[in-house]
Amino acid sequence: MLRAVTKCLLTNAVAGRRMMSQGSLAGKVAIVTASTDGIGLATAQSLGKRGAHVVVSSRRQANVDKAVSLLRSENIQVTGTCCNVGNSEDRENLISMTLEQCGGIDILVSNAAVNPFFGTILESTEEVWNKILHVNVTAAFLLTKQVVPHMEKRGGGSVVLVSSVAGYQPMQGLGPYSVSKTALLGLTRALAPDLAQSNVRINCVAPGIIKTRFSTALWQSEDLTNELLKQMSIKRLGKPEDIGEVIAFLCSDEASFITGETITVTGGMNCRL
């Protein structure tokens, strides 16, 4: 009898936590950049399934329309728009559209990134560096700066920057990109104390090898995949939803005492102490 009662209590407690998790972001508005595919789309799904109204964006309208249709089919509140985060006018339009259609901003997930170069770092040009740093770092900072006043009006908020395991361990052939991802680790730490004054938390996620279109060059070769798997404790490539779920946690009240941190999601790849 006692065992049955205990089992019932435990089952109800777990069910209760699941219910809380599913509605933990109800009433929140979340902007997710580069969110029509891969990690960005999975993040929009994870946030939306917890009750957030998600604002998805991409540089191409066709991709936005496809993502919006998919998310609506999953009963997720969603608004979509075109946005190239490297363009200041596009950033302004993204924010103003969100305010007009959703009434405020509570969450920003800065996921947009570019990598127009592959080769030895000494072969990279000034143009390559300017583009990578502008989109991957500067735009992330400027978007954060733009949304914080609106978060403050709603009592606070959460920002998540998407970095990479390459930010800890630069990848061969991806020197400038790796440096940009290292910069996001520092940006997170630098912003945390100031944003806390506005009750805004900022954290960072550093994914390992995640099977997305963006990372195709890292996993399309079976030999290279096998070499990468040797570095992991969990012997599989990551899935976009592995990252989306961590981001959703960081945006929730369950992570209310976490700020200025970077969470590595690498399957046990050894990238730091």
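A residue is called buried here when its relative accessible area is under 20%, exposed when that area is over 50%, and partly exposed in between. By that yardstick, 49% of the 273 residues in this chain are buried. Keep in mind that the model is a predicted one.

**The overall picture**

The chain has 9 helices and 7 strands. Its accessible surface is about 14,000 Å², and carbon and sulfur atoms account for 53% of that. Looking at contacts with a separation of 6 or more, 71% are made by residues 24 or more positions apart.

**Two nonpolar cores**

What sits in the middle of the largest nonpolar core? Of its 31 residues, the ones touching the most other members are V55, V85, L108, M151, V159, L161 and I202. Two or more residues come from each of strand 1 (29–32), helix 4 (88–102), helix 5, strand 5 (157–162), helix 6 and strand 6 (200–207). Helix 5 is the top contributor, with 7 residues. There's also a second, separate core, made of 29 residues, with A44, I76, I243 and I247 among them.

M151 is a good place to zoom in. This methionine belongs to helix 5, and its relative accessible area is 0%, so it counts as buried. Setting aside neighbours within four places in sequence, M151 is in contact with I105, D106, I107 and L108, then G156, G157, S158 and V159, and also V200. V29 is 122 residues away from M151 in sequence, yet their C-alpha atoms are 9.9 Å apart.

V159 picks up the story from the other side. Beyond residues up to four places away, V159 touches M151, L108 and T144, plus the run V200, R201, I202 and N203.

T144 is another helix 5 residue, and it is buried because its relative accessibility is just 1%. Its contacts, again leaving out residues up to four places away, are L108, V159, L161, L191 and L195. L191 sits in helix 6 (residues 175–196). With a relative accessible area of 13%, L191 is buried too, since the cut-off is under 20%. T144 and L191 lie 47 residues apart in sequence, with 9.4 Å between their C-alpha atoms. Besides T144, L191 touches F141 and I202, not counting residues up to four places away.

**Charged pairs**

Side chains of opposite charge can pair when their charged atoms come close. How many salt bridges does the structure have? A search of the whole structure turns up 4. Three of them, including the distance between the closest N and O atoms, are laid out here:

| Acidic residue | Basic residue | Closest N and O atoms |
|---|---|---|
| E245 | R50 | 2.7 Å |
| D106 | R154 | 2.8 Å |
| D242 | R236 | 3.0 Å |

The E245 and R50 pair links distant parts of the chain: E245 is in helix 9 (residues 240–251), R50 is in the loop between helix 2 (38–49) and strand 2 (53–58), and 195 residues separate them. E245 is partly exposed at 36% relative accessible area, whereas R50 is buried at 12%.

The D106 and R154 pair also links distant parts, 48 residues apart, and here both partners are in loops: D106 between helix 4 and strand 4, R154 between helix 5 and strand 5. D106 is buried, with a relative accessible area of 5%, while R154, at 34%, is partly exposed. D106 also turns up among the contacts of M151.

In the D242 and R236 pair, D242 is partly exposed at 23%, and R236 is partly exposed at 38%.

**Cysteines and a surface patch**

A disulfide is a covalent bond between the sulfur atoms of two cysteines. This structure has 0 of them. Why is C82 in no disulfide? The nearest cysteine sulfur, that of C83, is 8.8 Å away, and a disulfide needs two sulfurs within 2.5 Å. C82 is partly exposed, with 27% relative accessibility. C251, by contrast, is buried at 7%.

On the outside, I121, L122 and V179 make a nonpolar surface patch of about 310 Å². I121 is located in the loop between strand 4 (107–110) and helix 5 (126–153). Its relative accessible area is 42%, so I121 counts as partly exposed.

Key
Residues numbered from 1 in each chain as written. Predicted model: local features only at pLDDT ≥ 70, side-chain atom pairs only at ≥ 80, totals over all residues. Heavy atoms only, no water. Patch = residues over 30% accessible without salt bridge, like charges linked within 9 Å, V, L, I, M, F, W, Y side chains within 5 Å. Areas by Shrake-Rupley, 256 points an atom, 1.4 Å probe, with all protein chains shown as cover. Salt bridge = Lys/Arg side-chain N within 4 Å of Asp/Glu carboxyl O. Helix = DSSP H or I, 4+ residues; strand = E, 2+ residues; numbered from the N terminus. Buried < 20%, exposed > 50% of the residue type's maximum accessible area, 1.4 Å probe, protein only. Contact = heavy atoms within 4.5 Å. Core = buried A, V, L, I, M, F, W, Y, C linked by side-chain atoms within 4.5 Å.
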